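Ready for a few exercises on a protein chain? Have a go at each task yourself before you read the solution below it.

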Amino acid sequence: MQSPQEHDENIRTGLIAGLAAYTLWGFLPIYFKVLGPVAATEVLAHRIIWAVPVGALILTLRSQWPEVRKAFTDWRALRGMGITAAFIAVNWGVYIWTVQTDRIFQASLGYYINPLMFVLVGVIVNREVLRRGQIAAVALAAIGVSVLTIYGGVFPWISFVLAISFTFYGYLRKTVQIGAMPGLFIETIWLLLPAIGFWVWLELQGASAFVPSAPGTIGLLLLAGPLTVIPLLFFAISARRLKLSTIGFMQFLGPTLQFCVGLYYGETFTTAHAICFGFIWVAVIVFSLDALGAGRRPKRVAEPT
């Protein structure tokens, strides 16, 4: 049983860790912008490659290698993480390309609607019943996307690829009983050989940006490992200490910061974008208030995913 002081300390640590995770994710587009001259596919390869040693170091510091070894003896778990690895690779690759091609607003929109995608998956797959607030949030988001598509003439397919790939990643990841860091390590191991193979091919073609004449670029590419793993570590620390409703509020910090980064880089923001994001922001408020209210009510039935 925790003392009140220990409880408060855990909450404080969880809040700091959560804010750190979502702040790093929110400002991550700046990193990919700086790496703009490097092809998105090569950035993705280095993100995978350098995440492995950083992940191994963190696993060592946290004494989590037994969990990794246990997973390697379970083919069903390994196969599941092979599938989740494919989804996260698609998400990472599309995200990097989106940022580098001046579409940060679409990336931001994708991560705003991602929680709503989780709700829809819960309805379709788990036959969950939506609360009124959830129905209203989904409807508002649908109106916003429709306005952008019809009035703005742009269907935000990138946003949906990002949202859907991460939703399926998150949903399938919950079916594998393994911690966040050991799971990410095994997922990057699944992707490691293809990433190294692609990097070697680039080197043989003389097309790699990882060359001695560009030490700054080498340093930035090496930084891809820590920038991939460390936010997830912060999130794992936060998730163990905070209520889901609190994390639910915090998860919108990332796309909000991404939106601000898009404004900073001067991306085109049309009237259709303004109306779309207006509906999305109202949907976020409704969604968050509904989640907060559900968290305060007695839990007579299982909460939606």
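Buried means under 20% relative accessible area, exposed means over 50%, and partly exposed is what falls in between (1.4 Å probe, protein chains only). This is a predicted model, where local features need pLDDT of at least 70 and side-chain atom pairs count only at pLDDT 80 or more, while totals for chains, interfaces and linings use all residues. Residues are numbered from 1 along each chain as its sequence is written, and side-chain values use heavy atoms, with hydrogens and water left out.

**Exercise 1. Place tyrosine 111: which helix holds it, is it buried or exposed, and what does it touch?**

Step 1: Find the element. Tyrosine 111 sits in helix α5. Helices here are DSSP runs (H or I, at least four residues), strands are runs of E (at least two), and both are numbered from the N terminus.

Step 2: Check the cover. The relative accessible area of tyrosine 111 is 16%, so this residue counts as buried.

Step 3: List the neighbours. A contact means heavy atoms within 4.5 Å. Not counting residues up to four places away in sequence, tyrosine 111 touches Asn91, Tyr95, Leu162, Pro255 and Gln258.

Step 4: Try a distance. From tyrosine 111 to threonine 41 is 70 residues in sequence and 21 Å in space, C-alpha to C-alpha.

**Exercise 2. Describe the whole chain: how many helices and strands does it have?**

Step 1: Count the elements. You'll find 13 helices and zero strands.

Step 2: Look at the overall build. The radius of gyration (taken over C-alpha atoms) goes with a globule rule of 2.2 Å times the number of residues to the power 0.38. With 13 helices and zero strands in the chain, the radius of gyration is 20 Å, close to the 19 Å the rule gives for 305 residues, so the chain is as compact as a globular protein of that length.

Step 3: Box it in. Along the principal axes, the C-alpha atoms fill a box of roughly 60 × 55 × 40 Å.

Step 4: See how much is covered. Of the 305 residues, 48% are buried.

Step 5: Check how far contacts reach along the sequence. Among contacts with a separation of 6 or more, 85% are between residues 24 or more positions apart.

**Exercise 3. Take helix α6: how far does it reach from its first C-alpha to its last, and which of its residues are buried?**

Step 1: Get the span. Helix α6 covers residues 132–150, which is 19 residues, and reaches 27 Å, close to the 27 Å expected at 1.5 Å a residue. The expected span is 1.5 Å times one less than the number of residues.

Step 2: Pick out the covered positions. The buried residues of α6 include Gly133, Gln134, Ala137, Val138 and Leu140. Further along α6, Ala141, Gly144, Val145, Val147 and Leu148 are buried as well.

**Exercise 4. Visit two residues of helix α8: what do threonine 188 and glycine 183 touch?**

Step 1: Start with threonine 188. Helix α8 (residues 180–205) holds this threonine, which is buried at a relative accessible area of 2%. Leaving out residues up to four places away in sequence, threonine 188 touches Ile48, Ala51, Val52 and Trp92.

Step 2: Move to glycine 183. This glycine lies in α8 too, and it's buried with a relative accessible area of 0%. Met81, Arg173 and Ile178 are what glycine 183 touches, again not counting residues up to four places away.

Step 3: Add a distance. Glycine 183 and methionine 81 are 102 residues apart along the chain, yet their C-alpha atoms are separated by 7.3 Å.

**Exercise 5. Which residue is in contact with alanine 17 across a long stretch of sequence?**

Step 1: Locate alanine 17. Helix α1 (residues 4–34) is its place, and alanine 17 is buried, with a relative accessible area of 7%.

Step 2: Read off the contacts. Beyond four places in sequence, alanine 17 is in contact with Phe234, Ile237 and Ser238.

Step 3: Gauge one pair. Alanine 17 and isoleucine 237 are 220 residues apart in sequence and 6.4 Å apart in space, C-alpha to C-alpha.

**Exercise 6. Where does serine 63 lie, and is it buried or exposed?**

Step 1: Find the loop. Serine 63 lies between α2 (40–61) and α3 (65–72).

Step 2: Check the cover. Serine 63 is exposed, with a relative accessible area of 59%.

Step 3: Look at the backbone. Serine 63 has a positive phi of about 55°, although it is not a glycine.
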